[in-house]
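User: I would like to go through a structure with you, one element at a time. Could you take my questions as they come?

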Number of protein chains: 2
Amino acid sequence: MTALNSPLALKLGAFVALSNDEMSALDRLHARRKLFPPGRDMVHQGQVNQSAYILASGWVCSYKLLSGGARQIVDFQIPGDFLGLRSVLFRTADHNIEPVTKVEASEVLAIDLLDTFSRTPRLATAVLWAASRDEAMVVEHLVGIGRRDAKERTAHFLLELGSRLKLVGLGSAQGYACPLSQYMLADALGLSAVHVNRVLRELREDGLVTFQNGHVVIHDIDRLMVLADFDKSYLDHDGPLLK
Amino acid sequence: MTALNSPLALKLGAFVALSNDEMSALDRLHARRKLFPPGRDMVHQGQVNQSAYILASGWVCSYKLLSGGARQIVDFQIPGDFLGLRSVLFRTADHNIEPVTKVEASEVLAIDLLDTFSRTPRLATAVLWAASRDEAMVVEHLVGIGRRDAKERTAHFLLELGSRLKLVGLGSAQGYACPLSQYMLADALGLSAVHVNRVLRELREDGLVTFQNGHVVIHDIDRLMVLADFDKSYLDHDGPLLK
């Protein structure tokens, strides 16, 4: 796979029209490709000198464990996302990163990233944009847990995933493949798995969206967006701002 | 004020040892200084082509309003923080920014920021670090609302503010001035103002921390950190990684 059609290039392309030089720089970042099995942390809380990764295929979840054992999933990463970008600039990883499925990812050392930034500053800006978008998603999750009820929160989450997947060529307005369990949804949404199950049944019976057998099928995106109060401008997908 | 002793330089200095060129570039970013009265939005949700700001003095809050009218405060900004950095790279502001006190801030246009990044890539990396730290704080707030009880959450919040203020020379291990009302704390912590009042009384009666008359006084930081399960590594304040 060349950078041209990589999920990361598709994603950054929503913000910056990439030049040939910038494409080559992205290609170099993809050099150290590795495979990871599901269920075993790629990065763990408290680890030092950890690498970042660019996710090429598969799904990953980022979570924090509290000393009492409670777990909060912060976000799921899909192809084209950075893993541990925040941690690579930090001395110590502040969260865990665990593959949900079999994963293919390119390791990026801090020094490669800094070197790429100094050679191609527009790419640094594009990565800052991607980091800002990641933060905007965490903000939406905070607003969701703080102020949305279980049904709105779940609908918002499914719409956000769909929009992100569509940008990297992995979904459509009709739906997408989704390997997450109801337990994972529960830990991300601050609900119990039983509650998630009930909410998903309600959404299905309302004719809005079905999540079954690893597939999300969106039946009525307009009504679903109204229910979730979903304003996708925080994902900023309207095409390159930097020409 | 020159960049050398600006709160932003103090903050970025925790990540990168700034050269004279980088200091000058920071100085230029501080050129367009403006004053803002409390209580009126500097940036509002849905605004396009907005500027970012570097906060020089005063306190600011960032919040989202849902269409039903509920409000979630995402974070408070203190001197040295960027305001609307996420939004300046986006087409549309995804949150509101409102001064809590009288505020002095330097306007930064997107083009100035991109120009600075291409001339001083290390500064771009430092700004990416600052953005990563902002995201790490939002993640902690998500974990707090999702998984910490009201007392732990409030204690964690007061410790985080103290650590941030100390870095920019505005507080000590003993305490700091804090202009926030209990209503603001409530909207940030996902609690009612009555609940915040009760939690603050408990923290005071436990001999841990007092927040009264615009001042936070920390009585026993070790016990407070244990109560809050506060691990400050997510703030990454241990001195420059980039020499």
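**Helices and buried positions**

Analyst: Certainly. This is a predicted model. In chain B, helix H8 covers residues 193-205, which makes 13 residues, and spans 18 Å from its first C-alpha to its last, close to the 18 Å expected at 1.5 Å a residue.

User: Which residues of H8(B) are buried?

Analyst: The buried residues in H8(B) are B:Ala193, B:Val196, B:Val199, B:Leu200 and B:Leu203. Viewed down the axis of H8(B), they fall within an arc of 120 degrees, so they line one face of the helix. As a general point, an α-helix has 3.6 residues a turn, so residues three or four places apart point the same way.

User: What does the face of H8(B) turned away from the buried side carry?

Analyst: That face carries the exposed residues B:Val194 and B:Glu205.

User: And what covers the buried residues of H8(B)?

Analyst: The cover includes three helices of chain B, H6 (150-167), H7 (182-189) and H9 (221-228), together with strand E9 (209-212) of that chain.

User: What follows H8(B)?

Analyst: H8(B) is followed by B:Gly207, which has a positive phi, near 75 degrees.

User: Changing chain now. How do the axes of H6(A) and H9(A) cross?

Analyst: The axes of helix H6 (residues 150-167) and helix H9 (residues 221-228) of chain A come within 8 Å and cross at roughly 125 degrees. That angle makes H6(A) oblique to H9(A). The crossing is left-handed.

User: Which residues make the contact?

Analyst: From H6(A), the contact involves A:Lys151, A:Glu152, A:Ala155, A:His156 and A:Leu159. H9(A) contributes A:Ile221, A:Leu224, A:Met225, A:Leu227 and A:Ala228.

User: Next, B:Glu135. Is B:Glu135 buried or exposed?

Analyst: B:Glu135 counts as buried because its relative accessibility is 10%, and buried means under 20%. B:Glu135 is located in helix H5 (residues 121-147) of chain B.

User: Leaving aside neighbours within four places in sequence, what is B:Glu135 in contact with?

Analyst: With those neighbours set aside, B:Glu135 is in contact with A:Arg86, A:Ala131, A:Asp134, A:Glu135 and A:Val138.

User: One last residue: where does B:Val16 lie?

Analyst: B:Val16 lies in the loop between helix H1 (7-12) and helix H2 (20-29) of chain B. B:Val16 is buried, with a relative accessible area of 1%.

User: How many residues separate B:Val16 and B:Gln45 in sequence, and what is the distance in space?

Analyst: B:Val16 and B:Gln45 are 29 residues apart in sequence, and their C-alpha atoms are 32 Å apart in space.

Note on methods:
Residues are numbered from 1 along each chain as its sequence is written. Chains are lettered from A and ligands numbered from 1 in the order in which they are written. This is a predicted model: local features need pLDDT of at least 70, side-chain atom pairs count only at pLDDT 80 or more; totals for chains, interfaces and linings use all residues. Side-chain values use heavy atoms; hydrogens and water are left out. Helices (H or I, at least four residues) and strands (E, at least two) are DSSP runs, numbered from the N terminus. The expected span of a helix is 1.5 Å times one less than its number of residues. Buried means under 20% relative accessible area, exposed over 50%, partly exposed in between (1.4 Å probe, protein chains only). The arc is that of the directions from the helix axis to the C-beta atoms. Contact means heavy atoms within 4.5 Å. Axes are lines fitted to C-alpha atoms, for helices over the stretch in contact, and angles run from 0 to 180 degrees between N-to-C directions. Angles under 35 degrees count as roughly parallel, over 145 as roughly antiparallel, 65 to 115 as roughly perpendicular and the rest as oblique. A crossing is left-handed if the near helix is turned anticlockwise from the far one by less than a right angle, and right-handed if clockwise.
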